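Please open the model in a viewer and keep the sequence panel visible. The stops below each propose a selection and then describe what is found there.

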Amino acid sequence: MRVVRLASEIDFDGWRRAGRALRAEGVPPEAVVWTVEYDLFADGAAPAAPAKGAGPRFTVPQPFIDLAERVVLNRSNERFALLYTLLWRLEREPGLIDNPADPDLTRARDMAKGVSRAAHKMKAFVRFRLVEGVEPEVYMAWFEPAHRVTEAVAPFFARRFTGMNWSILTPDACVAWDGETLKVSEGADPADAPREDAQEELWRTYYASIFNPARLNPRMMQQEMPKRYWRNLPEARLIPELIESAQRRTAQMVEARPNPPSERVLKAALRHARDGSYGESDPLTLEEAAVAAQVCRRCDLWREATQAVPGEGPARARIMIVGEQPGDEEDLTGRPFVGPAGRLLDKAMLEADFDRRKAFVTNAVKHFKHEPRGKMRLHKTPDRGEVQACRWWLDAERRMVKPRVILALGATAVMGITGRSMPIARSRGAPIALDGGARLVVSWHPSYLLRVPDADARARAYAQLVDDLRLAQSLT
Ligand code: SF4
């Protein structure tokens with residue numbers, strides 16, 4: 001019996017060298033025991049690669065190498081032996097790699113899938129905490145991956161959090177990034193990681209604001225965020241409470257559907273639709289415009305949406321808030337800014353002492369643009385043509401409301417109001433004069449804030465949104 005001792009649990013190069021040497025010597029899989037030995041000078045260290053030309057010539061197919069690199073990261077004790085069995089068989093059965101029914105190959109593919117899943121979960125569920133009293137700032141995270149993916153996933157975090165000093169501690173290995181180099185060291189204990197910091201409250205606020213009760217599916221939720229990760233996720237504390245309140249909130253959303261339009265308004269809307277000549281026959285009131293938009297065919301977005309979502313608020317509001325387009329919840333309820341972005345906007349308004357009831361709130365595009373992904377409907381940004389087509393409705397709202405100040409949230413809103421693109425970062429912070437005397441204040445769209453991965457950048461953009469709300473209010 002040959003005993004091969006590899007240098008670490010993820011020693012792919014050692015396995016590869018040993019596999020080549022054993023194969024060249026003609027040692028069958030059942031005559032090899034694979035083990036991990038940290039002392040490389042002990043007896044049985046992985047055999048060196050065979051000399052060039054030793055043994056029969058054999059080229060390993062690249063798909064097998066790719067598979068083996070992932071399988072090695074699986075926690076199964078059989079992984080090295082299984083891979084050597086496959087290597088042995090590949091030499092004798094050249095078509096093996098393409099056989100979907102082979103039990104050894106299926107087992108290896110399942111292991112590789114488990115590894116890919118573990119890497120995906122690690123990317124999604126690592127949460128950094130600020131280490132108190134350390135200068136410059138250092139963030140640390142504790143994570144227990146299902147398989148040994150820490151070193152493989154570390155470059156992802158280095159790319160994503162390039163400007164941060166961080167460490168990820170796991171029982172298998174620790175990785176640290178200092179802005180330039182990734183360092184790997186031995187595994188750690190959960191007690192080595194800090195427990196909680198002020199960022200966690202922010203995380204919980206964001207999670208609560210992006211939670212959509214109408215789409216609640218606890219089974220799917222737990223599949224995506226398995227309970228084994230909950231103890232390291234600040235937002236997980238909210239889950240039982242959110243599930244409990246979901247039914248109540250969904251019922252409220254359904255009740256909040258707008259009243260049906262009057263017969264007069266409905267007839268006017270149908271006339272608009274039949275004539276198809278919106279430009280020649282403007283709606284006379286906001287109510288008429290709201291209903292007429294339901295039958296608008298100026299672009300194709302009406303086809304996949306539940307309904308048009310017109311603006312709402314006082315007919316003579318001094319301030320108008322313009323967003324991009326309705327989201328999933330807005331499309332279902334028919335009201336603007338009631339979904340996750342709306343809840344974040346409400347929070348910012350509260351901080352800015354801004355009374356939403358005094359503003360006319362609307363969107364640059366009135367129908368929800370999205371693409372289906374399973375049971376989800378994923379937001380898609382409207383294109384320039386759709387924004388231009390829908391400007392007719394936004395212009396009608398502006399003409400009727402006559403706001404003194406327009407707060408544009410995000411690039412699409414700016415395009416809908418001005419007809420041109422403006423970078424938000426450079427346009428925000430000071431009012432811009434519009435034709436007709438109104439003033440434009442530009443800011444970030446709340447849904448952009450929900451997507452910013454870096455906590456510092458997110459907090460900065462949120463503070464700017466609060467400032468811009470204050471500025472807009474001060475100009476009314
Ligand atoms: S998105 Fe606007 S322009 Fe397009 S169909 Fe809807 S209301 Fe009409």
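Select the ligand and the residues of the shell around it: ten of these residues are nonpolar, one is polar and four are charged. This model is predicted, and the tour should be read accordingly. Which residues of the shell come nearest to the ligand? Of the 15 residues around the ligand, the nearest are Cys-296, Arg-298, Cys-299, His-367 and Cys-390.

Next, move to the start of the chain and select residues 2–6, which form strand S1, together with residues 32–36, which form strand S2. The two strands run parallel and are joined by five bridges. To see one pair of residues in this arrangement, display Val-4 and Trp-34, the latter in S2, which stand opposite each other. Now add residues 12–25, helix H1; with S1 and S2, this helix makes a β-α-β unit that is right-handed.

The following stop concerns helix packing. Select helix H3, residues 79–92, and then helix H4. Their axes lie 10 Å apart, and the helices pack at an angle of about 135°. H3 and H4 are therefore oblique to each other, and H3 passes H4 in a left-handed crossing.

Keep H4 (residues 103–125) selected and add helix H5 (residues 150–160). The axes of H4 and H5 come within 10 Å and cross at roughly 40°. These two helices are therefore oblique to each other. What is the hand of the crossing of H4 and H5? It is right-handed.

Turn now to the sheets. In general, strands of a sheet pair through backbone hydrogen bonds, in a parallel or an antiparallel manner.

Select S3 to S7, five strands that form an open sheet in the order S3-S4-S5-S6-S7 with mixed pairing. At its edges are S3 (129–130) and S7 (182–186), each of which pairs on one side only. Within this sheet, highlight S5 (residues 165–169) and S6 (residues 173–177), which pair in the antiparallel sense over four bridges. Here Ser-167 is found opposite Ala-176 of S6.

For the last stop, select another open sheet of five strands, ordered S9-S8-S12-S14-S13, in which the pairing is again mixed. The edge strands are S9 (359–363) and S13 (432–433), and each pairs on one side only. Highlight S8, residues 319–323, beside S9: five bridges connect these strands in the parallel sense. One bridge to display is that of Ile-321, whose partner in S9 is Val-361.

Technical notes
Residues numbered from 1 in each chain as written. Predicted model: local features only at pLDDT ≥ 70, side-chain atom pairs only at ≥ 80, totals over all residues. Near = placed C-beta within 6 Å. Nonpolar A, V, L, I, M, F, W, Y, C, P; charged D, E, K, R; others polar. Pairing = 2+ DSSP bridges. Right-handed = clockwise from strand over helix to strand, strands pointing away. Axes fitted to C-alpha atoms, helices over the stretch in contact; angles between N-to-C directions. Parallel < 35°, antiparallel > 145°, perpendicular 65-115°, else oblique. Left-handed = near helix turned anticlockwise from the far one by under 90°.
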